[in-house]
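Dear colleague,

Please find the structure below, as agreed. My notes on what was found in it follow directly after.

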Amino acid sequence: MQISLTINGTFVTREIEPRVLLVHFIRDDLRLTGTHWGCDTSNCGTCVVLMDGQPVKSCTVLAAMADGHTITTVEGLANGATLDPVQQGFMEEHGLQCGFCTPGMMLTARALLDHNPHPEPLEIREAISGQICRCTGYATIVRSIQWAAEHPLVAAAETTEKEEEVRA
Amino acid sequence: MQIPAPFDYVRASSVDNALALLDRHGAESRVVAGGHSLLPMMKLRLARPDWLIDINDLFELDYLLVDGPVLRIGAMTRHTTLLESDDVRHLFPIICDAERVIADPIVRNRGTIGGSLCQADPAEDLSTVCHVLEAVAVVRGPAGERMLPMAEFHRGPYETAVAQNELLIEVRIPIRAGSASAYEKVERRVGDWAVAAAGASVTLAADGTISHVAVGLTAVGLERNVTEVEAVLVGQAPTEALFVEAGLLASQACDPLADQRGPIDYKRHLADELTRRVLRVACSRAAASVSEITS
């Protein structure tokens, strides 16, 4: 069957088998390997991507079910060379060690901040409670997301400057 | 790598279209809503439908509507929507209590009330909630609509009264003045299935006595409400001694199995303790809502 979807702002059309899972479609067909494939049982959350702005576990969504929808993966977070505040936060506050859970964590964080720009630490913990990190003990992930919440305009301001440069 | 067996995929465009597709493709076709029960089963090859009928485009079934004395919930309403609804929190706090501990927030973005009830997993929380709230399932098929009380709808583990060519389209929950409800679950870790859980709904009369009560248990082998508690509680003013008595009846009524989540006596203990807790919370919430009305 043929599916078409928008991924990180790019419209793509592909021929797929209906049984292909979204995570494998993203990694193997589109070669966007930033989305990780972990437990395969919708427990670990490393395969989280945004579907129409909402975090979903892409090991438990068929690529066919994403037909016509908008997907954001970790590759779509940064705006050119400008990191999303969430990405910057993970750098500033050491939100990762091995990095395996990081793509999913950052996308959930982005969706949380879009919905609730000033989350309490407990709300952050609740939001990432469907995702497993075996390195950090979560404390630095929570701090990273708080950093992003406290610096929402950094990326936007830099982007504006950059756009102005481009325009000039 | 877990990959489902091959199947053909089709998207339904309306309820009538979904019913026509079920009719056309017959016994080996399955409806998929959120997919967080069916897809894992297909990945493990426990389910091997020839046709998968995706009903995620049926936005007409995604609604919450207070309609006179009834809350109407469309079958495609997501767990997240239920959890975030002010009407639901106000009218049926048991639903919010349960939704907060169903899987995790990301799974709740996809999972639906209709999918949960039709899957009828023995450790599934909303089946108990709907039993306790005396919900009615609206099931549509080629011959029209059927209204099924939960006791008829829910036949047992993984089994409902929905025929192969029918679709659950709505859940109706009666709104009772002076009522409140509560749910509590014990799980080994966030997002796991219940070791055991209990739900209660209580209606208080103007004099503060219990005029109506329902208690249900999850994951302990009881596919109905603990009707035994009614004789003890109805007509009485709520007291701790009554909750203890009700807890004992619940632990005797259930029939848990020993498994990796715990032995039988532990699960009976949970049925007892959780019954007491949900009755305590439901009664105090009901008292608060009654005083709100009278003040």
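In this predicted model, the domain assignment divides chain B into domain 1 (8-54), domain 2 (59-174) and domain 3 (179-294). The centres of domain 2 and domain 3 of chain B, taken over C-alpha atoms, are separated by 20 Å. Where these two domains of chain B meet, 20 residues of domain 2 are in contact with 25 residues of domain 3. On the domain 2 side, the elements that contribute two or more residues are helix H5 (93-100), helix H8 (125-132) and strand E8 (154-156) of chain B. H8(B) provides the largest share of that side, five residues. By class, the domain 2 side that touches domain 3 of chain B comprises 12 nonpolar, four polar and four charged residues.

The packing of the interior may also be of interest to you. The largest nonpolar core has 139 residues. Those with the most contacts inside this core are B:Ala18, B:Ala196, B:Ala200, B:Val202, B:Val215, B:Ala250 and B:Ala282. Helix H12 (residues 264-294) of chain B supplies the largest share of the core, nine residues. For B:Ala200, the contacts beyond its neighbours within four places in sequence are B:Val132, B:Ser181, B:Ala182, B:Val213, B:Ala214, B:Val215, B:Val278, B:Leu279 and B:Ala282.

I turn next to the contact between the chains. Chain A brings 22 residues to it and chain B brings 23 residues. On the side of chain A that touches chain B, strand E4 (54-57) and helix H4 (121-127) of chain A are the elements that give two or more residues. E4(A) gives the most to this side, with four residues. The residues on this side of chain A are nine nonpolar, nine polar and four charged.

Finally, one helix of chain A deserves a separate note. How far apart should the ends of helix H3 (residues 102-115) of chain A be? The helix has 14 residues and, at 1.5 Å a residue, should span 20 Å; the expected span is 1.5 Å times one less than the number of residues. The end C-alpha atoms of H3(A) are 20 Å apart, which agrees with that expectation. H3(A) is also mostly covered, with 12 of its 14 residues buried. The buried residues of H3(A) include A:Thr102, A:Pro103, A:Gly104, A:Met105, A:Met106 and A:Leu107. Also buried in H3(A) are A:Thr108, A:Ala109, A:Arg110, A:Ala111, A:Leu112 and A:Leu113.

With kind regards

Notes. Residues numbered from 1 in each chain as written. Chains lettered and ligands numbered in written order. Predicted model: local features only at pLDDT ≥ 70, side-chain atom pairs only at ≥ 80, totals over all residues. Core = buried A, V, L, I, M, F, W, Y, C linked by C-beta atoms within 7 Å. Buried ≥ 20, exposed ≤ 12 C-beta atoms within 10 Å, placed from the backbone. Contact = placed C-beta atoms within 7 Å. Nonpolar A, V, L, I, M, F, W, Y, C, P; charged D, E, K, R; others polar. Domains from an automatic or database assignment.
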